[in-house]
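Here are a few notes from going through this one. Have a look at the structure first, then read on.

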Amino acid sequence: MATHTANPFSEGFTLELSGPLVGYWLGLLRVVTGWWFFHAGVTKLIEDGLNYAYGPVFLKGMAGTSLGPVATFLGTDLAWLVKPGVPLFETLIGLGLLLGVLTRLAAVGGAFFMTLFWVGNADFAHGVVNSDLMGLLLFGTMIVFAAGRYFGLDAYIEATDFVKQRPRLRYVLG
Amino acid sequence: MRHTFDGVDKLVIGLGGALVLVGIVVLGIVEVLDGPPYGAAPLTNDAGDVVATTLVDPNVRTALVVLGIVVLLLWGVYRMAQPTVEPGETREEAWA
C-alpha cells in the first residue's frame, strides 16, 4: 500500500459508500427504526383501536411552541383524523421500514411524526439536541441513503418493469 | 486496504447484527404477542404496585444487544489488525 507522506491517515480512514459495510449498517438501522415505530403504533392499536384520544390532546398542548398554529389546527379541526391516524400511520411507517417497502415515503412520514414529537415533547432541559431530534435525523438518513435498497424489498420493486418505466417512483421507494 | 467481505467477515457481522435484532425486534414481537406490558418495563397500578411483568427480563434483551455490539467492535479490531491484501494476492500470501 502506498503511503501518502503528507497525510498518513488519508488512505487508512477511507469510507467507501459503496462498501458492503454501509449496506449492512443501513439495513440494520432501517429494521430497528421500523420496529421502533411499528411497536409504538401496533400497541396503540391493541389498546385504543382507531380512537387514540391522546393524539389531539398532545397537539393542542403544543400551543406555545414554534409549530403551535399547525399543531392546534391538527388537534382541534382534524382531531377526527388524528385519533385513528396516529396509531395507523405509526404502524404503517414501521411496517414499511421493517420490510423495506416504500421506504422513503415511510421515512418522510416518520420525519413528520418526529418533528412534532421533538417540538412538542421536549422541555429542552439539556439543549435542543435530544433523542427526538436524533430520531428525526435517523429518518432523514433513511431517505438520503435509500435504506430500503439494502436487504429490503424496495431493491426488488425498483427492478420491476413498472418502476423502470416510471423512474420517479424511486423518490418514494428506495 | 481490503474492502470486500469473505465468509468469516459475513459470519461475524451476521452474528453481531442478529444478536442486536433478536434483542430489539424478535423479543419485542414476543413481548407484544404475550400481552401487557407491551414495553420493557413492568406494569404498575396507581399505587405503584407491579400488576404485570414482562415475559423476558429487559436485562436479557439489553445484554443481547450489547453482546452484538461487542461482536461488531471486535470484528472491527480484527479487520484493523489484518495486513493489506493487494489485488491478485490471497490473504494467506499477505500474511506470509
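1. Let's start with the second largest pocket; bear in mind that this is a predicted model. The pocket is lined by 27 residues, and those nearest its centre are A:V86, A:E90, A:F113, A:L116 and A:F117. Helix 1, helix 2, helix 4 and helix 5 of chain A each give two or more residues to that lining. The space inside comes to about 590 Å³.

2. What is the lining made of? It splits into 20 nonpolar residues, four polar and three charged. Helix 5 of chain A supplies the largest share, nine residues.

3. That makes helix 5 worth a check on its geometry. The helix covers residues 103-121 of chain A, and at 1.5 Å a residue its 19 residues should span 27 Å; the end C-alpha atoms sit 25 Å apart, so the two agree.

4. Which residues of helix 5 are buried? In chain A they are A:T103, A:R104, A:A106, A:A107, A:G110, A:A111, A:F113, A:M114, A:L116 and A:V119. Their cover includes helix 1 (20-48), helix 2 (54-60), helix 4 (79-99), helix 6 (131-144) and helix 7 (154-157), again from chain A.

5. Now for chain B. Its three helices and two strands come in the order α-β-β-α-α from the N terminus. Of its 96 residues, 32% are buried. Among chain B contacts with a separation of 6 or more, 55% are between residues 24 or more positions apart.

6. Last, the surface of chain B: about 5800 Å² is accessible, and carbon and sulfur atoms account for 70% of that.

Definitions and conventions: Residues are numbered from 1 along each chain as its sequence is written. Chains are lettered from A and ligands numbered from 1 in the order in which they are written. This is a predicted model: local features need pLDDT of at least 70, side-chain atom pairs count only at pLDDT 80 or more; totals for chains, interfaces and linings use all residues. Side-chain values use heavy atoms; hydrogens and water are left out. Helices (H or I, at least four residues) and strands (E, at least two) are DSSP runs, numbered from the N terminus. The expected span of a helix is 1.5 Å times one less than its number of residues. Buried means under 20% relative accessible area, exposed over 50%, partly exposed in between (1.4 Å probe, protein chains only). Contact means heavy atoms within 4.5 Å. On a 1 Å grid over the protein atoms alone, a cavity is a set of points where a 1.4 Å probe fits but cannot get out, and a pocket is an open set with protein on both sides within 12 Å along at least five of seven lines; lining residues have an atom within 4 Å of a point. Grid points are joined across faces, edges and corners, and a volume is the space filled by probe spheres set on the points. Ala, Val, Leu, Ile, Met, Phe, Trp, Tyr, Cys and Pro count as nonpolar, Asp, Glu, Lys and Arg as charged, and the others, Gly among them, as polar. Accessible areas come from the Shrake-Rupley method with a 1.4 Å probe; for residues, only the protein chains shown count as cover.
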